[in-house]
Structure formats: C-alpha cells, structure tokens
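Trainee: I would like a close look at a single part of this structure. Please take one helix, and then follow what lies around it.

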Amino acid sequence: MRTLVLDNIGLLVTNDPDRGEGPLGIVRDAALVLGEHRVIAVEAAGAIADERLDAGGRCVIPGFVDSHTHLVFAGDRSEEFVARMAGAPYAAGGIRATVTSTRAASAEQLRELARARRREAVRAGITHQEIKSGYALDVTGEQRLCELASELTDDVTFLGAHVVPSEYTDRPDEYVDLVCGEMLAACAPHARWIDVFCEVGAFDADQSREILTAGRDAGLGLRVHGNQLGIGPGVQVAVDMGAASVDHCTYLSDLDVEALAASGTVATLLPATDFSTRQAYPDARRLLDAGATVALATNCNPGSSYTTSISFCIALAVREMHMSAAEALQAATLGGASALRRSDLGYLRPGARADVVILAAPTYAHLVYRPGVPLVAATIAAGRVEWVDPELLAQRSSRAVR
Ligand code: NIG
C-alpha cells in the first residue's frame, strides 16, 4: 500500500479530544500519514512515507461533510432570487419550476450538471456529500435522480415527498400513496435514506409519518425537512420517529429544543438558506446550550441556497448565530458525519476515512476572519488528492525522509 504524509502541519484538527487539545483535539507541528483510503497515523512533523506533501505550517482539518444537498437538477431560478431580494417572500412552490426543467433534461445533461457542482464542492473542501432526489416527483424521474446521485455518493436520499406535483394538486393523498408505494419501490434500491418536507404547503404531520414509516419498512434511514418557514410539527415528527436528522430548524419552540436535546436526532442548520431567503437565522446557541447535536450544511439547491461554500455557512454561523469558530468547524465536519450516522467520517485519527483539507491559513479561525476568500489549498478524499493549489503542489515529493 502506498502512503502519503502531509508533513509540517502547523495546526492539525483531529476532532478527537483524546488525541490533542480541547474538543477539536488539536495537535501542533504534526504529520498525518494516509493510506490508500484510511488515516494510518498522527505523528510529530518529520514522519516518513512513500510520498510527502509539505503543508508549510498551514492548518489541516477533516474534510467537510455536507449532509444536506439537492445536487441533481436542471434549470436556473436566479430571477426568483432577484425578485426575493426586491421583497417577494420565499415560497417552496418554486420547487415545481425546477421539477419542470429537471423532467425535461436528459440523464447525460443531469449527470454533467451534478458533476460540475461536485467539482465546485471539492474545491470548497467538501469530501463527502449527501444528495437528495426530489426534483422529478414521478416514478421514473425520481428513480433516475437517485441513480445519478448514487454515482457521486453512498448517502443518497429519496425525497419524493418534496412537494405535491401540480398534476396531483387536487388529490394529495393519492400522491402520498404513490410515494409510499411504486415510487419508493423504484428508489429504495438506490438510496440509504428517505426524507420528507414537513411544512405548510408541503406535507402535514400525518402524511409525513406515513411516508417515513413506509421508508423505514423498506429499510431506509429517516431524515426530515422541518421548521423552515415557521413553527410546525417537523421536529416532533423527526424526534418521535428516531430520524437521524431534522434539517433547517429555523423556527423552534421550547418543546422542540428540549426534544432535540433529549434525542439522538441531529439539528442540521442551513444558514445559507436563511441568508438567501432573507429569513431569521436559527438559534444555534440555544440548541448547543441545551445539549443538542448541531450540524451545518450547505443545502445546495437552485431555489433557497445555491451555494457549495460551506466556509460561507461557517462564517454565517459564527457571525449571525453566535457559534464559536471551533463549534462551527466541528458542526460542518463531525456534525455532518453524525447527521449521516457515519463513524468513519469527521475525524482525523487512525482508521478514519482519509478525508482531509489543507487550509491556506495558519488556523481554522480564518474561515470566519477572511469571509468570502477561497481558503482551501488542497482537498484529499479517501486518500486521493482531488484538488490542490498549484503553489502547494510544488511542495509534493516522493520518498519522504526525515
Ligand atoms: O431545503 N425546503 C425544501 N427544499 C429545499 C428548497 C428547494 C427549492 O426551493 O428548490 C430546501 O430549502
């Protein structure tokens, strides 16, 4: 097995408190030895391996785990965004516009579009993504989206219950039957998760429970979009049913916060959505202080959050939601891994997947301190260098010696 050492790391975030300082498990002047897929060792600077990449004293962090994306779609909704900035409210009905464009696109077009977004995400330091369907809303179309997503990730989510498509407007219960029946049967073989948008204008609590129960019976794990546009039943449904994550959580009652804190359901916050829809930001401080597990994700989609910049989400979480830079970094790495129930992601310690980001900065605080600046110098996924800044590439050599 060939090994790669990232040497001369000024500040290494392992996310393992048993391995270094504080909750981020920080190790200074470190070297990280990677195998073909996994982390082999955390050592002092100067370690030996087949290949060496000199981090030049930079900060190295676990790759970002983006646990909420809608990456496979066609069409553009920038006009809707412009109208919103001029005062129009966000209405999830815009989803149907993307459904029309996505249904009209070929599989090859959708594949190319999704791959381009994936390249953008890699450049932003994202080493693992969850990807949802939800922009076809018919049996063959949803199956096609799940299949395309499965080319890019093993965390595919079936989201036939995104909204009721126009052809079912007058018979939503028939659509729920379709989602729970034929559509689920077509999509489940390509998915790990099922999700439902539990919100006024989408699916109510009873419909959401029915859809999640059908998904669970088909062997899928549960996720919920909830409490995005107002106080509602999403969080309670997610917690009662043991969902891995409830996403958005922009509007929470005291009971919601208590329920999340007492549960194994992660609260996934999507602040780029609240930025792009001009809503209030979720109260991350209240959730963290109550003891809930918080994740941060991009929610990359054409309507409410068209970004792959998880650094932007981290900056918003610190500036607008009163998380510390350390909490926000952990929520975008280990938090995302928890939301996907992945114990192999989010850490840099022996046995973890070798998903690593070298920052063009001496500390992760620069993700907030230098907002909007591309600070990813290299992205390594499962031990493979997926992207590297040419300046850093010059520091790569074979046969590292002390
Ligand atoms: O997570 N809330 C539902 N789904 C997406 C929005 C999708 C869209 O507007 O196209 C979300 O924000």
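Mentor: What follows starts at helix 8 and moves outward from there. Keep in mind that this is a predicted model.

Helix 8 runs over residues 254-261. Which of its residues are buried? They are D256, V257, A259 and L260. Viewed along the axis of helix 8, these buried residues fall within an arc of 165 degrees, so they line one face of the helix. The face turned away from that buried side carries D254, L255 and E258, which are exposed. The cut-offs behind these words are under 20% relative accessible area for buried and over 50% for exposed.

What covers the buried residues of helix 8? The cover includes two helices, helix 7 (234-240) and helix 10 (284-290). It also includes two strands, strand 12 (245-248) and strand 13 (266-269).

Strand 13 is a good place to go next. L269 lies in this strand. Is L269 buried or exposed? L269 has a relative accessible area of 0%, so it is buried. Setting aside neighbours within four places in sequence, L269 is in contact with H248, C249, P282, A284, L287, V294, A295, L296, A297 and M321. Among these contacts, H248 belongs to strand 12, while A284 and L287 fall in helix 10. Two elements from the cover of helix 8 therefore meet again at L269. As for distance, L269 and S78 are 191 residues apart in sequence, and their C-alpha atoms are 23 Å apart in space.

S67 shares some of this ground. S67 sits in the loop between strand 6 (64-66) and helix 1 (78-85). At a relative accessible area of 0%, S67 is buried. Not counting residues up to four places away in sequence, S67 touches E130, R223, D247, T268, A295, A297, G336, A339 and L340. D247 is part of strand 12 and T268 is part of strand 13. A295 and A297 are contacts of S67, and they are contacts of L269 as well.

Next to S67 in the chain is D66, which has its place in strand 6. D66 also counts as buried, at 0% relative accessibility. Beyond residues up to four places away in sequence, D66 touches I126, H128, Q129, E130, A297, T298, N299 and I310. E130 and A297 are thus on the list for D66 and on the list for S67. The C-alpha atoms of D66 and R353 are separated by 15 Å, although their positions lie 287 residues apart along the chain.

Now turn to the loop between strand 11 (221-226) and helix 7, where N227 is placed. N227 has a positive phi of about 55 degrees, although it is not a glycine. N227 counts as buried, with 0% relative accessibility. I231 lies in this loop too. Here the burial reads differently: I231 is exposed, with a relative accessible area of 58%. Not counting residues up to four places away in sequence, I231 touches Y251, L252 and S253. The C-alpha atoms of I231 and R2 are 52 Å apart, and the two residues are 229 places apart along the chain.

Two further features round out the picture. One is the set of aromatic pairs, of which the structure holds five. F275 and F312 form one that is edge-to-face, at 5.0 Å centre to centre and 85 degrees between the planes. F275 lies in helix 9 (residues 271-276) and F312 in helix 11 (residues 310-319), so the pair ties together parts that are 37 residues apart in sequence. Both rings belong to partly exposed residues, at 42% for F275 and 27% for F312. Elsewhere, ring pairs link F73, Y135 and Y306 into a cluster.

The other feature is a cavity. How many cavities of 30 Å³ or more does the structure hold? It holds one. About 90 Å³ of space lies in the largest cavity. Its lining has 14 residues, and Y90, I95, H162, N301 and S304 lie nearest the centre. By class, that lining has four nonpolar, nine polar and one charged residues.

Notes. Residues numbered from 1 in each chain as written. Predicted model: local features only at pLDDT ≥ 70, side-chain atom pairs only at ≥ 80, totals over all residues. Heavy atoms only, no water. 1 Å grid on protein atoms, 1.4 Å probe; cavity = no way out; pocket = protein on both sides within 12 Å on 5 of 7 lines; lining within 4 Å. Points joined across faces, edges and corners; volume = space filled by probe spheres on them. Nonpolar A, V, L, I, M, F, W, Y, C, P; charged D, E, K, R; others polar. Buried < 20%, exposed > 50% of the residue type's maximum accessible area, 1.4 Å probe, protein only. Helix = DSSP H or I, 4+ residues; strand = E, 2+ residues; numbered from the N terminus. Arc of directions from axis to C-beta. Contact = heavy atoms within 4.5 Å. Phe/Tyr/Trp six-rings, centres within 6.5 Å; stacked < 30°, edge-to-face > 60°.
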